[in-house]
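Subject: Structure handover and notes

Hello,

Here is the structure we talked about, with my notes below it. Please read them alongside the coordinates.

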Amino acid sequence: MPSPFPGMDPYLEGYLWPDVHNSLASKIRQQLVPKLRPRYTARLEIYLAEDTYPSGEVGILYPDVEVLRMRESQKKSAPHSPSASNVESRITITAPLTLPLIQPVEVRIPVVEIRDTANNQLVTSIEILSPVNKREPGLTDYRSKRQRLYNANVHLVEIDFLRRGTKPFNHPNIPSVPYLVTVTRAGSGLVDIWPIKLEDNLPIIPLPLRQPDADVALSLSDAFNDIYDEAAYDLSIDYSQTPPPPKFSLYEKQWIKGLLKTE
């Protein structure tokens, strides 16, 4: 069963995202390998990032295990005025609020790497952004990685299918859209940008290789539709509920309401 959304499905940005992330990386690799051979191939690389401030994702990406216990102090009347020493012996000191200690979370982030088959050198890196890449301290770390790839003459493709967080690449001419795909060609000093609105189909983008080899096409729409169907995400989503945050604009709310009414 396909997603009711023509492009990215915002209902997948919550607890299902790790599965979506891994599945999308694998499907992109599957789509690319026949187009790349024999001079190139695509490999999955997993790197670890520590989410040191996961509290913002509790109830969205991570399970909501937070338990709040409020304690009301009760006053007990006494028939007589006890001595100070007797009062101290009966006092139980309790905090009015108890919260669980939120520990850092280790996040596994898959990356699709296009490498030449002759020397196994990295040519193009396809980064599917994780929530940890879009807020501090992970945002600074990820921006440093982007710069290292550019300095190493590696093409960079960034797929941002998450509405929340800060986009690693910002420019005043980029429209305010929920999703963004960028292609940075090594040494060019230019970034090709695909702004994606909620109602847009996902694009077909070019993946640069080494000169004089031509770009290969990556259909993000095909990849996304395939994983949605294969993983049967529709069985895990209640479309009558509100999607994960952040909140939508009034126009987006009305558009979603009209879309889901037609399903």
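I start with helix H3, where Asp141, Arg148 and Asn151 are exposed on one side. Please keep in mind throughout that this is a predicted model.

The other side of H3 holds the buried residues: Gly138, Leu139, Tyr142, Lys145, Arg146 and Leu149. Viewed down the axis of H3, these buried residues stay within an arc of 120°, so they line one face of the helix. Their packing partners are strands S1 (40-51), S4 (105-116), S5 (122-128) and S6 (155-160). The length of H3 (residues 138-151) agrees with expectation, because 14 residues at 1.5 Å a residue should span 20 Å and the end C-alpha atoms are 20 Å apart. After H3 comes Asn153, which has a positive phi, near 65°.

Salt bridges

The count is 11 salt bridges. As general background, side chains of opposite charge can pair when their charged atoms come close.

One of the bridges involves H3 itself: Lys145 meets Glu127 with an N to O distance of 2.7 Å. Since Glu127 belongs to strand S5 and Lys145 to helix H3, the pair ties together parts 18 residues apart in sequence. Glu127 and Lys145 are both buried.

Another salt bridge joins the side chains of Arg115 and Glu113, at 2.8 Å from N to O. Both Arg115 and Glu113 are buried.

A further bridge runs between Arg185 and Asp215, whose closest N and O atoms are 2.7 Å apart. This pair links distant parts of the chain: Arg185 sits in the loop between strands S7 (179-184) and S8 (191-196), Asp215 in the loop between S9 and S10, and they are 30 residues apart. Arg185 has a relative accessible area of 25% and is therefore partly exposed. Asp215 is partly exposed as well, at 35%. Through salt bridges that share partners, Arg185, Asp192 and Asp215 form one network.

Strands S9 and S10

Strand S9 (residues 204-207) has alternating side chains: Ile205 and Leu207 point to one face and are buried, while Ile204 and Pro206 point to the other face and are not buried. That matches the general pattern, in which the side chains of a regular strand alternate between the two faces of the sheet. S9 runs antiparallel to strand S10 (residues 216-219), and 4 bridges join the two. Within S10, Val216 is the bridge partner of Leu207.

Aromatic pairs

There are 7 aromatic pairs in the structure. In one of them, the ring centres of Phe224 and Tyr228 are 6.3 Å apart and the planes are at 45°, so the pair is tilted. Both residues, Phe224 and Tyr228, lie in helix H4 (residues 220-231), 4 residues apart, or about one turn of the helix. In general, an α-helix has 3.6 residues a turn, so residues three or four places apart point the same way. Phe224 is buried, with a relative accessible area of 1%, and Tyr228 is buried at 0%.

Tyr228 also pairs with Tyr233, this time edge-to-face, with 5.9 Å between centres and 65° between planes. Tyr233 counts as buried, at 2% relative accessibility.

Elsewhere, ring pairs link Phe5, Tyr11, Tyr239 and Trp255 into a cluster.

Regards

Conventions: Residues are numbered from 1 along each chain as its sequence is written. This is a predicted model: local features need pLDDT of at least 70, side-chain atom pairs count only at pLDDT 80 or more; totals for chains, interfaces and linings use all residues. Side-chain values use heavy atoms; hydrogens and water are left out. Buried means under 20% relative accessible area, exposed over 50%, partly exposed in between (1.4 Å probe, protein chains only). Two strands pair if DSSP finds at least two bridges between them. Rings of Phe, Tyr and Trp (its six-membered ring) pair if their centres lie within 6.5 Å; planes under 30 degrees apart count as stacked, over 60 as edge-to-face and the rest as tilted. The expected span of a helix is 1.5 Å times one less than its number of residues. The arc is that of the directions from the helix axis to the C-beta atoms. Contact means heavy atoms within 4.5 Å. A salt bridge is a side-chain nitrogen of Lys or Arg within 4 Å of a carboxyl oxygen of Asp or Glu.
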